[in-house]
Amino acid sequence: MFEPFWKEVGDDATVKISGWEKMSYTSSCDDDICWFLEPEFANEVARLHRIVNNAATDGRYIIVGVGSTQMIHATLHTLASIELRHPVNVVSAAPYYSMYPGIVDLMKSGLYHWAGDAAAFRGDDNFIELVCSPNNPDGTIRHAMLGKEAGKRVHDMAYYWPQYSPMRGPADHDIMLFTLSKATGHAGTRIGWALVKNKEVAREMAKFITLNTIGVSKDSQVRAATILKVISDGYEFPKPNGAPQFFHFGQHKLADRWRRLRRAVQVSGQFSLPRFSPEFCEFFKEYAETYPGFAWLRCEDQKINDCEDFFKRINVLTRSGKHFGVGQEYVRISMLDTDANFDVFIKRISSLD
C-alpha cells in the first residue's frame, strides 16, 4: 500500500553503499550495550519517536534486531533467564497475534513456553505477558491484563503510528517493540528495534542477538535510517510544493479503504467489523478515526461454519480466528495490499448475495 508514496519520494530515499563500505561486523557506534547498532539508525529512530511522540526515548536503550520477531526472541530469553523457576509462562490476551505461539515455542526452550490466553491464565506470578497495542488482529488499544505487582510485561507497539491509530501521547513501558515493516511498509528490510528502560536487560538482549546472528545487517540499518529520515524531514522541513507527508498519506489511504470495506460489509449483511470511536490525535492535532492494518471480520451468517473456508471459495485469502485464540467465525484480512489487489477484494466481497 505504501509503494506509491515511496515511488514519489524517488531518489531522496535511495541508498548507495559502495562495495568497500560496511564490511566489518562492528559499527562506528561507541555504544557499549549494543555494539552492532549503526549510529545514524539510532539517531533517526529517536528523532522519529520524538516527532510523532508515540514512545518515550529519554533514558532508554535502543536495541536493533532482525525484525520484531528476533526482538521478541531476545526479550523472552532475557526476561526468562533471570527468573528462578522455569519454564516461565508466556501469555497474551485473545485474540492475540497469531505468530506469538509459534515464536514462543520455536526454540523448545526450557526457559519459557506458550501458556495461551492471558484472560484464562490461572497460574502464579511466574509469567511474561505480551501486550500488543494497537492489537493485531483487531486494532483495539490493549493494556496489561494480569496484575502489575507480579510477572513481567512486553509491549509490542508495532502499530502505534498515526496512520493506524490516534496518538494518545508517548507510551512509557519497560520494554517496547517496534518494526520498520509496519511503521513504513519496508518489511523486506528486516529491521525491528526495542526501547528498553533497564540497562542490564538491554545488555542481555544485545548479547542474545550477538550469539544468534552476530549482530544485524549494517546495510539494512543504513537503508532504514534513510527511510526514517525522509519521513522525519517531511514534517520538520516540509517542502513548499506540498509534497506528500508519509503519515498523512497512510491515513488517507487507509481511511478510504476502510470506508469502502464498511460499505461493502453493510450491503452484504453477512459480516461485521469492529467499531472505533474517534479520539483526539496528538500528532494530527484533531479528532481521528482508528484504521487498523488488518480487518478483523466476523461471519454472522449461521450457515457459515468456517469463515476462512468461505472466503477461500471466492478466492480471498484470509487467516482464521483459530490461529488467534478464538473461533472460526472470525478471519483477519490485510488492509495493506496493493491498490489493485484491494480493488479485487472489494469487488469480490461486494458481489456476495
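Strand E5 (residues 152–156) and strand E6 (residues 175–179) run parallel and are joined by two bridges. Within this pair, Asp156 of E5 has Leu177 in E6 opposite. Helices (H or I, at least four residues) and strands (E, at least two) are DSSP runs, numbered from the N terminus, and two strands pair if DSSP finds at least two bridges between them. Please keep in mind that this is a predicted model, where local features need pLDDT of at least 70 and side-chain atom pairs count only at pLDDT 80 or more, while totals for chains, interfaces and linings use all residues. Residues are numbered from 1 along each chain as its sequence is written, and side-chain values use heavy atoms, with hydrogens and water left out.

**The seven-stranded sheet**

E5 and E6 belong to an open sheet of seven strands, ordered E1-E7-E6-E5-E4-E2-E3, in which the pairing is mixed. At its edges stand E1 and E3, each of which pairs on one side only. Neighbouring strands here are turned by 25° against each other on average, direction ignored; axes are lines fitted to C-alpha atoms, for helices over the stretch in contact, and angles run from 0 to 180 degrees between N-to-C directions. As a reminder, strands of a sheet pair through backbone hydrogen bonds, either parallel or antiparallel.

How does this look at the E1 edge? Strand E1 (residues 61–65) is joined by five bridges to strand E7 (residues 192–196), and the two run antiparallel. Ile62 has Leu195 in E7 as its bridge partner. Four of the five residues of E1 are buried, so this strand is largely enclosed by the rest of the structure. Buried means under 20% relative accessible area, exposed means over 50%, and partly exposed lies in between (1.4 Å probe, protein chains only).

Towards the other edge, strand E2 (residues 88–92) has five of its five residues buried, so E2 is largely enclosed by the rest of the structure. Val88, Val90 and Ser92 point one way from E2, while Asn89 and Val91 point the other way. E2 pairs with strand E3 (residues 112–117) in the parallel sense, over five bridges, and the bridge partner of Asn89 in E3 is His113.

**The four-stranded sheet**

A second open sheet has four strands in the order E8-E11-E13-E12, with antiparallel pairing. Strands E8 (271–272) and E12 (319–320) are at its edges with a single partner strand each, so one side of each has no neighbour in the sheet. Strand E11 (residues 294–299) and strand E13 (residues 330–334) run antiparallel and share five bridges, with Leu297 facing its bridge partner Val331 in E13. Helix H8 (residues 246–268) packs on this sheet, touches E8 and E11, and makes an angle of about 5° with the direction of E11.

Two residues give a view of the E12 end. Ser320 is found in E12 and is buried, with a relative accessible area of 1%. Leaving aside neighbours within four places in sequence, Ser320 is in contact (heavy atoms within 4.5 Å) with Glu308, Gln328, Tyr330 and Val331. His323 lies in the loop between E12 and E13 and counts as partly exposed at 29% relative accessibility. With the same neighbours within four places left aside, His323 is in contact with Tyr96 and Ser98. His323 and Phe294 are 29 residues apart in sequence and 15 Å apart in space, C-alpha to C-alpha.

**Two helix pairs**

| Helix pair | Angle | Axis separation |
|---|---|---|
| H8 and H10 (residues 339–350) | about 15° | 9 Å |
| H3 (residues 67–81) and H6 (residues 199–213) | about 120° | 9 Å |

H8 is roughly parallel to H10, whereas H3 and H6 are oblique to each other. Here angles under 35 degrees count as roughly parallel, over 145 as roughly antiparallel, 65 to 115 as roughly perpendicular and the rest as oblique. H8 passes H10 in a left-handed crossing, and H3 passes H6 in a right-handed crossing; a crossing is left-handed if the near helix is turned anticlockwise from the far one by less than a right angle, and right-handed if clockwise.On the H8 side, the residues that meet H10 include Leu261, Ala264 and Val265, and their counterparts in H10 include Phe342 and Ile346. The residues of this contact divide into seven nonpolar, one polar and five charged. Ala, Val, Leu, Ile, Met, Phe, Trp, Tyr, Cys and Pro count as nonpolar, Asp, Glu, Lys and Arg as charged, and the others, Gly among them, as polar. Between H3 and H6, the meeting residues include Met71, His73 and Leu79 in H3 and Glu204, Phe208 and Asn212 in H6. By class, the contact of H3 with H6 has seven nonpolar, seven polar and one charged residues.
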